[in-house]
Amino acid sequence: MTFKDKRIVLTGAAGGIGEALARQLASEGARLALADLNSADLESVAEACRRLGGEALAIPTDVTNRDQCQRLITMTVETWGGIDALFSNAGVSMWARFEDITDISFFEQLMAVNYFGPLYCTYYALPYLKESQGRIIVITSSSGKIGAPMHSGYAASKHALHGFFDSLRIELLDTGVKIALIAPLYVRTGIRLHRFEADGGHPSVDPYETSQSKSMTPAQAAGIILRAARRGKRETIMSLKIKAAVKLRPFIPGVVDSVIRRKVRQR
Ligand SMILES: NC(=O)c1ccc[n+]([C@@H]2O[C@H](COP(=O)([O-])OP(=O)(O)OC[C@H]3O[C@@H](n4cnc5c(N)ncnc54)[C@H](OP(=O)(O)O)[C@@H]3O)[C@@H](O)[C@H]2O)c1
């Protein structure tokens, strides 16, 4: 399967994994409706996509806002007459022990971006995806499959995605719509610079400066995501270690918890 001429909505497209996905899709000749908060960066990604051979619209969108998600879908359909795939990729992260948090309000923002964003976009895109027998691709996280310290609110928002989309997949049996959930582990993007910390603020220096050796590049991650999207594979856990942890946890939960705690402490 190729994405040539496919009409694709992609959120979180202004940087990181989203930008890498946009570039790879554009080089296959896709028609892209690119959404993100940051309109200047979004426009330059759209321009790069056009140079790579795709068509691209930059549609500034806050995915926490229902009306803006509806507008994103409406503008895409008005331009290309339908939608073949929705990539829900926009996301925000956190790094704090729950008991150390002094401003708990960012938990609402984590749910708003990571859970309600994909849900709203899916809600408005679904009639068109049914028409095209299209695909819903959701970028979750290894924290959506297994809990991790310092990530409680993030893990909750990503677990919610698995619960929601696993249920929706069953509702959509026999419609031809495929749902692929893809869970990355460490990818070298700006996500750690934008993450919420205990006081609800963001770090002043990129934490990746000290720990990027084990991360994959956004382009590598995008390659894996597109392979899974093409196959319509229902779930892809990108790290073998996380895959093993998910399989082993029902049998040796205490051991798995200790290993996860040690690994997170090392980062
Ligand atoms: N990088 C990793 O190690 C990793 C691991 C597991 C899962 N993931 C998941 O992968 C996805 C992409 O993350 P990334 O690593 O590429 O991070 P990133 O570089 O920070 O990209 C995320 C994008 O989402 C945008 N965004 C944030 N809030 C938004 C909103 N309300 N509406 C629209 N766009 C919004 C950000 O815009 P601004 O920059 O303007 O805020 C940013 O461009 C996320 O869902 C993340 O949870 C990443």
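In this predicted model, F164 is partly exposed, since its relative accessible area is 23%. Its ring partner Y115, at 16% relative accessibility, counts as buried, the cut-off for that label being under 20%.

A pair of aromatic rings is described by the distance of the centres and the angle of the planes. The count comes to 9 aromatic pairs. One of them joins F106 and F107, whose ring centres are 5.3 Å apart; their planes meet at 50°, so this pair is tilted. F106 itself has 3% relative accessibility and therefore counts as buried. For Y115 and F164, the centres are 6.3 Å apart and the planes stand at 85°, so here the arrangement is edge-to-face. Y115 belongs to helix α4 (residues 106-132) and F164 to helix α5 (residues 152-171), so their pairing ties together parts that are 49 residues apart in sequence. Both rings also take part in a cluster, in which ring pairs link Y115, F116, Y120, F164 and F165.

Attention now turns to the ligand. Around the ligand there are 31 residues, of which D36, Y154, L185, V187 and T189 come nearest. D36 places a polar side-chain atom 2.7 Å from a ligand oxygen atom. Backbone atoms (N or O) also approach ligand oxygen atoms: one of V187 at 2.7 Å and one of N89 at 2.8 Å. On its own the ligand has 880 Å² of accessible area, and the protein covers 92% of this. Helices α1 (16-27) and α5 are the elements that give two or more residues to the surrounding shell. Sorted by class, that shell holds 14 nonpolar, 13 polar and 4 charged residues.

How values were computed: Residues numbered from 1 in each chain as written. Predicted model: local features only at pLDDT ≥ 70, side-chain atom pairs only at ≥ 80, totals over all residues. Heavy atoms only, no water. Phe/Tyr/Trp six-rings, centres within 6.5 Å; stacked < 30°, edge-to-face > 60°. Buried < 20%, exposed > 50% of the residue type's maximum accessible area, 1.4 Å probe, protein only. Helix = DSSP H or I, 4+ residues; strand = E, 2+ residues; numbered from the N terminus. Near = heavy atom within 4 Å. Polar contact = N/O pair within 3.5 Å; in protein donor to acceptor, adjacent residues only side chain to side chain. Areas by Shrake-Rupley, 256 points an atom, 1.4 Å probe, with all protein chains shown as cover. Nonpolar A, V, L, I, M, F, W, Y, C, P; charged D, E, K, R; others polar.
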